[in-house]
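Colleague: Could you take a close look at one part of this model for me? I would like to hear how the helices and sheets are arranged in it.

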Amino acid sequence: MLSNWYDKKVLILGLSLSGEAAARYLAGRGADVYITDNREKKPEDRKLIEELKSLGIKIEMGSHSEEFIHDVYLAVTSPSVPLDSEVYLKLKEKHTQIVSEVSLAYMETGKPFVAITGTNGKTTTTALVSHILSTEHNAPACGNIGKPPCALLYDNVDYFVCEMSSFQIVHSVPFKAQIACWTNFTPDHITWHGSVEKYFDAKAQLFKHPYTPAFSIFNGADEKLLEFSKTCTGQVFLFDKETDDNCSYIKDNAIYFKRNKSEEHIIDLKDCTLVGHHNYQNIMCSVIIAKIIGITNEHIKSAISEFKAPEHRLEKVREYKGITFYNDSKATNPEAAIVAINSFDNQNVVLIAGGRDKLTDLKEFCNSVNNHIKTVILIGEAAGRFEENLTANGFKNIINAETMEDAIDKSIGLNPDVVLLSPACASFDMFSGYEERGTVFKEYVLSKE
């Protein structure tokens, strides 16, 4: 640990997991820590608040008082705090430095960060990279998954493998990854950022001067990222595109890596536990990171062949009566669902979709359904618009269901090869989040005898 925080007033914006981790770390380093959160206190907050107060941390809920904001040395913000929020603007007016919890961890450790971002695929890639690197190093997954980086500062970490959302990146100044990866880009979080361009710029910040990483990795099959990669300094690598050098790609049903114009066979696709081209992209990206760090090909191959997909991300649940069930509840937008849908060819697939509509364009979603899906079962608030768009695009085999359980029962009655839950929608019309939606799907499927 590099800094002495004794008697410095630090304000934590938000009683989140990252905020809690930052508060505990700073209080342990002697800082005078305040946590402010404008949401009302819930009964389940009581135990945590009492524990944090026992560490000398001051906490207010339901408002942001002037007492807490006044004379702050540093503010650490949660990813969800908007840039135009009242407390954020007040701190800016006072010229208070505002950083993310990831930035705080970066400032406090001399250990390298592997930063992974993207609209889709970043969680699977982060988990896989951590899994591969952990064959030779202490390289925990952190950030949006696993523990917040600040919770790992007292551990003997070799590499922080950090999933970073656009929200975190916006607040992450200063922050400079040793290796940074951008898995893909599609429109998302437009309301929070204000426009597609601002969303892209938020992600791009991770790769720009003065925080350019030593190694930048991009999806070579994504035209927008391919063009952006040409503007980046440092060493640039591409995946899913064969070039003369610095790349990973698929050839002859296997994944290869090339550096210094030397080609290496890494793993055959048949030996990969992950399915679908999008997951092969995640693997190629992970291979590049592992090779840069110096992991042996033997360890890379064995780790990939043993890896299991994170929960709710094209997760194989079980086989029942000759039907294979996949839980892809994390597909909360059409682009993510398309990736899952396109993973299946020449099979009888039932797709369960629908939920709270994000009102995004459905043309490409409908095209993918036409090419890969036999039957669509619709649930939730978006069912009507999805049915209208599918019908207009020539897809007629549509069934409506009232509940998740009803959708599963109806899908089993069709006797398909595959039942895929990939909703293309948010979950908040019927569930507390995509996790609950996926859990309900899994538990009901597993209950079948």
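Modeller: Happy to help; here is a walk through two sheets and a helix pair. This is a predicted model, in which local features need pLDDT of at least 70 and side-chain atom pairs count only at pLDDT 80 or more, while totals for chains, interfaces and linings use all residues. Residues are numbered from 1 along each chain as its sequence is written, and side-chain values use heavy atoms, with hydrogens and water left out.

Let us begin with an open sheet of 9 strands, in the order 7-8-6-9-10-11-12-13-14 and with mixed pairing. Helices (H or I, at least four residues) and strands (E, at least two) are DSSP runs, numbered from the N terminus, and two strands pair if DSSP finds at least two bridges between them. At the edges sit strand 7 (141-143) and strand 14 (262-268), each pairing on one side only. From one strand to the next, the twist averages 25°; axes are lines fitted to C-alpha atoms, for helices over the stretch in contact, and angles run from 0 to 180 degrees between N-to-C directions. Strand 14 runs antiparallel to strand 13 (residues 254-259), and 6 bridges join them. Ile 255 has Ile 267 in strand 14 as its bridge partner. Helix 6 (residues 122-133) packs on this sheet and touches strand 6 (113-117), strand 7 and strand 8 (160-163), with its direction at about 170° to that of strand 8. Contact here means heavy atoms within 4.5 Å.

Next comes the helix pair. Helix 11 (residues 277-293) packs against helix 12 (residues 297-306) at an angle of about 150°, and their axes are 11 Å apart. That angle is why helix 11 counts as roughly antiparallel to helix 12 (under 35 degrees is roughly parallel, over 145 roughly antiparallel, 65 to 115 roughly perpendicular and the rest oblique). From helix 11, Ile 283, Val 287, Ala 290 and Lys 291 meet Asn 297, Ile 300 and Ile 304 of helix 12. By class, this contact has 5 nonpolar, 1 polar and 1 charged residues (Ala, Val, Leu, Ile, Met, Phe, Trp, Tyr, Cys and Pro count as nonpolar, Asp, Glu, Lys and Arg as charged, and the others, Gly among them, as polar).

Finally, an open sheet of 6 strands has the order 15-16-20-17-18-19, again with mixed pairing. Its edge strands are strand 15 (315-320) and strand 19 (398-400). Strands 15 and 16 (residues 323-327) run antiparallel, joined by 5 bridges, and Glu 319 has Thr 324 in strand 16 as its bridge partner. Helix 15 (residues 383-392) lies across strand 18 (375-378) and strand 19, running at about 170° to strand 19.
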